[in-house]
Amino acid sequence: MPSSETVDIEIQSTKRSIGRRLGTVFTAFLLAAFCLAIAVSVTVGVPPASAGNGDEKEVAEPDWQRLDKALSLAKGSGKLIIVNFYTDWCPNCKRMNEKTYRDAAVLKQLSKSFIPVKLNAESSQPLIIEGQTVTEYQVALMFRVNSYPTTWFLSSEGRPIIPVRGYYGPDLFAPMLRFVEGGWYEKMDFDMYMEREKRDKK
């Protein structure tokens, strides 16, 4: 499990990188990715992934949305968007889905402040965003996702905020949701936020 210090280093590095390379609006981000996908002759044909088997529906889980629908819902609700990039073959993706995303505290926080999106980084499932048709695979390219699971947080306008890479258990993921929801990532690193939460609980 990554440490909170690792999370902070990654957040700071990614925020600088996004600021330099990708800008701040989701539409520009999407169009750049779409052009990149065409330029490198992306092969479409990977079958869409299943989010799980039928038995999992009996267990509480987030109300997963498609990214295109989530962007529309977020504009109306003002909620943030959380995008869970996964693959079918990734054991830590399955572990995070079974443990983290079904934890009561995580589910409560997601329901309160986020629109959750589950996106298969190898899927050819089409999405229509800002009038453009792109696949889930192309969206993963756009966000430069190359390890799994990767979680991206977006603003209600679809602007990329920060990524979190790797498996996180509920004990770190629930505070991470509060860290993003409260905008604390703009004021302090994750270590400092965790210390703040510990003090507040005393």
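Q65 is found in the loop between α2 (26-39) and α3 (67-77). Helices (H or I, at least four residues) and strands (E, at least two) are DSSP runs, numbered from the N terminus. The model is predicted: local features need pLDDT of at least 70, side-chain atom pairs count only at pLDDT 80 or more, and totals for chains, interfaces and linings use all residues. Residues are numbered from 1 along each chain as its sequence is written, and side-chain values use heavy atoms, with hydrogens and water left out.

Q65 has a relative accessible area of 13% and is therefore buried (under 20% relative accessible area; exposed is over 50% and partly exposed in between, with a 1.4 Å probe and protein chains only). Contacts, defined as heavy atoms within 4.5 Å, link Q65 to A70, L73, I115, P116, V117 and K118, leaving aside neighbours within four places in sequence. One of these partners, P116, is 51 residues from Q65 in sequence. The C-alpha atoms of Q65 and P116 are 6.2 Å apart in space.

The chain as a whole comes next. Its secondary structure comes to eight helices and six strands. From the N terminus on, the order of elements is α-α-α-β-α-α-β-β-β-α-β-β-α-α. The chain has 202 residues, and 50% of them are buried. Among contacts with a separation of 6 or more, 72% are between residues 24 or more positions apart. The accessible surface of the chain is about 10,000 Å², by the Shrake-Rupley method with a 1.4 Å probe; for residues, only the protein chains shown count as cover. Carbon and sulfur atoms hold 52% of that surface.

Helix packing was examined for two pairs. The first involves α5 (residues 104-113) and α7 (residues 170-181). Their axes come within 9 Å and cross at roughly 20°. Axes are lines fitted to C-alpha atoms, for helices over the stretch in contact, and angles run from 0 to 180 degrees between N-to-C directions. At that angle, α5 is therefore roughly parallel to α7 (angles under 35 degrees count as roughly parallel, over 145 as roughly antiparallel, 65 to 115 as roughly perpendicular and the rest as oblique). The crossing of α5 past α7 is left-handed, a term for a near helix turned anticlockwise from the far one by less than a right angle; clockwise gives right-handed. On the α5 side, the contact is made by V106, Q109, L110, K112 and S113. On the α7 side, P170, F173, A174, L177, R178 and E181 take part. The residues of this contact of α5 with α7 divide into six nonpolar, two polar and three charged. Here Ala, Val, Leu, Ile, Met, Phe, Trp, Tyr, Cys and Pro count as nonpolar, Asp, Glu, Lys and Arg as charged, and the others, Gly among them, as polar.

S113 belongs to helix α5. Its relative accessibility is 9%, so S113 counts as buried. Leaving aside neighbours within four places in sequence, S113 is in contact with K79, L80 and E181. E181 is one of the α7 residues in the contact with α5.

The second pair is α7 and α8 (residues 190-201). The axes of α7 and α8 come within 11 Å and cross at roughly 100°. That angle makes α7 roughly perpendicular to α8. From α7, the contact draws on L172, P175, M176, R178 and F179. From α8, it draws on F190, Y193, M194 and E197. The residues of the contact of α7 with α8 comprise seven nonpolar, no polar and two charged. R178 appears both in the contact of α7 with α5 and in that of α7 with α8.

Several loop residues were also examined. S155 lies in the loop between β5 (150-154) and β6 (160-165). With 4% relative accessibility, S155 counts as buried. Neighbours within four places in sequence aside, S155 is in contact with L80, I81 and I161. L80 is also listed among the contacts of S113.

Backbone geometry adds three further sites. The peptide bond from Y148 to P149 is cis, with omega near -10°. P149 lies in the loop between α6 (136-142) and β5. R144 is found in the loop between α6 and β5. R144 has a positive phi of about 55° although it is not a glycine. At 43% relative accessibility, R144 counts as partly exposed. E130 sits in the loop between β3 (126-129) and β4 (132-135). Its phi is positive, about 50°, although E130 is not a glycine. E130 has 48% relative accessibility and counts as partly exposed.
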